[in-house]
Amino acid sequence: MKCFWGIVAQLISFEDESMQVGASWSIAYLCEGDESRLYDALKSGCIPRVCKLFANTKNKKLKGPCLRIIGNVSYGHRGETKVILLIF
């Protein structure tokens, strides 16, 4: 699973919006479940990019998964919520 996070973190960094949408949905689904998944997402470094995409895109197909990721992470413990607040 750790290898996958590195790949997804790279994919979401591409400028191609369809690539960003696919990577975002992958992250959104992977963030669901136990807290270790949230921790892995935070550790991968992709969450700041997700927040940046959410704040700067007008593409609704990209905003949806980004909002879901932000919601999943901010629903976690205080530390995870703090990360989101610090990014914005």
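A contact here means heavy atoms within 4.5 Å. The model on display is predicted, and the tour below moves from the whole chain to selected residues.

**The whole chain**

Begin with the full protein chain in a cartoon view. The chain holds six helices and zero strands, so that, read from the N terminus, its elements follow the order α-α-α-α-α-α. Along the principal axes, the C-alpha trace extends over about 30 × 25 × 20 Å. A compact globule of 88 residues would have a radius of gyration near 12 Å, and the 12 Å of the protein chain agrees with that expectation.

Next, colour the residues by relative accessibility. Of the 88 residues, 36% count as buried. The surface that the chain exposes comes to about 5400 Å², with 60% of it supplied by carbon and sulfur atoms. For the contacts between residues at least 6 apart in sequence, 61% join residues at least 24 apart.

**Helix 4 and its neighbours**

Select residues 47-56, which form helix 4. Which residues of helix 4 are buried? They are Ile47, Arg49, Val50, Cys51 and Leu53. Now add helix 2 (17-31), helix 3 (35-44), helix 5 (60-74) and helix 6 (78-87) to the selection; the buried residues of helix 4 pack against these four elements.

**The two cysteines**

Keep Cys51 in view and add Cys66. Cys51 has 1% relative accessibility and counts as buried. Cys66, at 0% relative accessibility, is likewise buried. Why is Cys51 not bonded to Cys66? The sulfur of Cys51 lies 8.2 Å from that of Cys66, the closest cysteine sulfur, which is too far for a bond; a disulfide requires two cysteine sulfur atoms within 2.5 Å. The count of disulfides is therefore zero by this rule.

**A charge over a ring**

Display the side chains of Phe54 and Lys63. Lys63 lies over the face of Phe54, 4.4 Å from the ring centre.

**The aromatic pair in helix 2**

Move to helix 2 and show Trp25 and Tyr29, both of which belong to it. A search of the whole structure returns one aromatic pair. Its members are Trp25 and Tyr29, whose ring centres are 5.6 Å apart and whose planes meet at 25 degrees. Planes under 30 degrees apart count as stacked, so this pair is stacked. The two residues are four places apart, about one turn of the helix. An α-helix has 3.6 residues a turn, so residues three or four places apart point the same way. Are these side chains buried, exposed or partly exposed? Trp25 is partly exposed, at 30% relative accessible area, and Tyr29 is partly exposed as well, at 46%.

**Helix 1**

Finish at helix 1, residues 2-11, where Gly6 is found. Gly6 is partly exposed, with a relative accessible area of 36%. Measure from its C-alpha to that of Ala41: the two residues are 35 positions apart in sequence and 9.7 Å apart in space.

Then select Ala9, also in helix 1. Ala9 has a relative accessible area of 15% and is buried. Which residues does Ala9 touch, not counting residues up to four places away in sequence? Ala9 touches Ser44 and Cys46. A further distance to display is that from Ala9 to Ile47: they are 38 residues apart in sequence, yet their C-alpha atoms are 8.7 Å apart. Ile47 is one of the buried residues of helix 4, which returns the viewer to an earlier stop.

Note on methods:
Residues are numbered from 1 along each chain as its sequence is written. This is a predicted model: local features need pLDDT of at least 70, side-chain atom pairs count only at pLDDT 80 or more; totals for chains, interfaces and linings use all residues. Side-chain values use heavy atoms; hydrogens and water are left out. Buried means under 20% relative accessible area, exposed over 50%, partly exposed in between (1.4 Å probe, protein chains only). Rings of Phe, Tyr and Trp (its six-membered ring) pair if their centres lie within 6.5 Å; planes under 30 degrees apart count as stacked, over 60 as edge-to-face and the rest as tilted. A charge sits over a ring if NZ of Lys or CZ of Arg is within 6 Å of the ring centre and within 35 degrees of the ring normal. The radius of gyration is taken over C-alpha atoms; the globule rule is 2.2 Å times the number of residues to the power 0.38. Accessible areas come from the Shrake-Rupley method with a 1.4 Å probe; for residues, only the protein chains shown count as cover.
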